Amino acid sequence: MTILDIRPRRQRRYSLFGADRAGPQNNVTGFCSNSIVLPAVRHLLVVDDDAELCQLLSEYLVPEGYDVEAVHSGVEGVERALSGDHALVVLDVMLPDVRGFEVLRQLRARSRTPVLMLTARGNEQDRILGLEMGADDYLPKPFNPRELCARIEAILRRSGIDRGATDARTAGELTVDDVSMNKASREVRRGSETLDLTTVEFDLLEALLRAAGRVIPREELVRTVLSRPFSPFDRSIDTHISNLRRKLGPTLDGLERIKSVRGIGYHYTRRHPSGVSET
């Protein structure tokens, strides 16, 4: 298994190590297998101050059909991310001028472009903060490039970039009480107010609305919404739930919309027995 080893070496250089290799290699291997090819838009922006790391990421992602643009400062990252030219932004937390969190804050104030954050391994607070500020996912360094590819593809699927995959199930309206979502436009409304949700929050809400009144195990939400195996130490789904609760607010009766069932999962509270309606 090939990983990107992000440990600093001489002059902030980075090396690639394979499990079957004794030392650094100049060639890049380990491309994603079984990749899902997305049509049309596959332009990625990488915001990281290390040019060599950006080059390595490009060497992994270009053969997978991505067009990769790299910038090395937070100021330039904000400018390029807001251009609307990219399907997804890979954003490092540690930047020399503006921290990745500030880049994310400015981006989320004006754009819904999906963001995958790169964080230091073990820095749980950075990962939680990134998710709370609107990041769609995070990946700790060092990381397996196949996992990077898989997470990017999962985010793009969730964000609706793969328009060719749209079918009857993703069309029309899904409504529970005063909350409705249009799956084609990926718009969510609470009464007359439009809610600004991340791609993960949208898919999480859709899963909860479809099962309104029924408990969904955390394992199922991680597998279906985050598109990755469940780990008891991964609390990112709980952070997404917390963010979604805050954005939805209480019900018209002043009750919590998404309730926790300790040790099991979550369920969406509905007021009317008729439950979910679709048009």
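The following exercises, each with a worked solution, concern salt bridges, a helix, a polar side chain and a sheet in a predicted model.

**Exercise 1. Salt bridge between strands**

Determine which parts of the chain the salt bridge between aspartate 92 and lysine 141 ties together.

Solution.
- Step 1. The side chains of aspartate 92 and lysine 141 form a salt bridge, with an N to O distance of 3.1 Å.
- Step 2. Aspartate 92 belongs to strand E5 (residues 88–92) and lysine 141 to strand E7 (residues 137–141), so the pair ties together parts 49 residues apart in sequence.
- Step 3. Aspartate 92 and lysine 141 are both buried.
- Step 4. By the rule of a side-chain nitrogen of Lys or Arg within 4 Å of a carboxyl oxygen of Asp or Glu, the model has 20 salt bridges.

**Exercise 2. Two further pairs**

Locate the partners of the salt bridges aspartate 136–arginine 108 and arginine 257–aspartate 178, and classify their burial.

Solution.
- Step 1. In the pair of aspartate 136 and arginine 108, the closest N and O atoms are 3.1 Å apart.
- Step 2. Aspartate 136 lies in the loop between helix H4 (124–132) and E7, and arginine 108 in helix H3 (residues 100–110); 28 residues separate them.
- Step 3. Both aspartate 136 and arginine 108 are buried.
- Step 4. For arginine 257 and aspartate 178, the closest N and O atoms are 2.9 Å apart.
- Step 5. This pair links the loop between helix H8 (236–248) and strand E13 (258–261), which holds arginine 257, to the loop between strand E8 (173–176) and strand E9 (179–182), which holds aspartate 178, 79 residues apart.
- Step 6. Buried means under 20% relative accessible area. Arginine 257 has 3% and is therefore buried; aspartate 178, with 19%, is likewise buried.

**Exercise 3. Helix H5**

Compare the expected and actual spans of helix H5 (residues 145–159), and decide whether H5 is largely enclosed or not.

Solution.
- Step 1. The expected span is 1.5 Å times one less than the number of residues. For the 15 residues of H5 this gives 21 Å, and the end C-alpha atoms are 21 Å apart, in agreement.
- Step 2. Of the 15 residues of H5, 11 are buried, so the helix is largely enclosed by the rest of the structure. Among them are Leu148, Ile152, Ile155 and Arg158.
- Step 3. At the N-terminal end of H5, asparagine 144 acts as a cap: a side-chain oxygen is 2.8 Å from the backbone nitrogen of arginine 146.

**Exercise 4. Asparagine 182**

Describe the surroundings of asparagine 182 in strand E9.

Solution.
- Step 1. Asparagine 182 has a relative accessible area of 18% and is therefore buried.
- Step 2. Its side chain makes a polar contact of 3.2 Å with the side chain of glutamate 173.
- Step 3. A polar atom of the asparagine 182 side chain also lies 2.9 Å from the backbone nitrogen of serine 185.

**Exercise 5. The open sheet**

State the strand order and the edge strands of the 5-stranded sheet, and place H3 relative to this sheet.

Solution.
- Step 1. The order is E4-E3-E5-E6-E7, with parallel pairing.
- Step 2. Strand E4 (67–71) and E7 each pair on one side only and are the edge strands.
- Step 3. Neighbouring strands are turned by 20° against each other on average, direction ignored.
- Step 4. E5 and strand E6 (residues 115–120) run parallel and are joined by 4 bridges; aspartate 92 stands opposite leucine 118 in E6.
- Step 5. H3 packs on the sheet and touches E5 and E6, its direction making about 165° with that of E6.

Notes. Residues are numbered from 1 along each chain as its sequence is written. This is a predicted model: local features need pLDDT of at least 70, side-chain atom pairs count only at pLDDT 80 or more; totals for chains, interfaces and linings use all residues. Side-chain values use heavy atoms; hydrogens and water are left out. Helices (H or I, at least four residues) and strands (E, at least two) are DSSP runs, numbered from the N terminus. Buried means under 20% relative accessible area, exposed over 50%, partly exposed in between (1.4 Å probe, protein chains only). A polar contact is a pair of N or O atoms within 3.5 Å; within protein, one must be able to donate a hydrogen and the other to accept it, and residues adjacent in sequence count only if both atoms are side-chain atoms. Two strands pair if DSSP finds at least two bridges between them. Axes are lines fitted to C-alpha atoms, for helices over the stretch in contact, and angles run from 0 to 180 degrees between N-to-C directions. Contact means heavy atoms within 4.5 Å.
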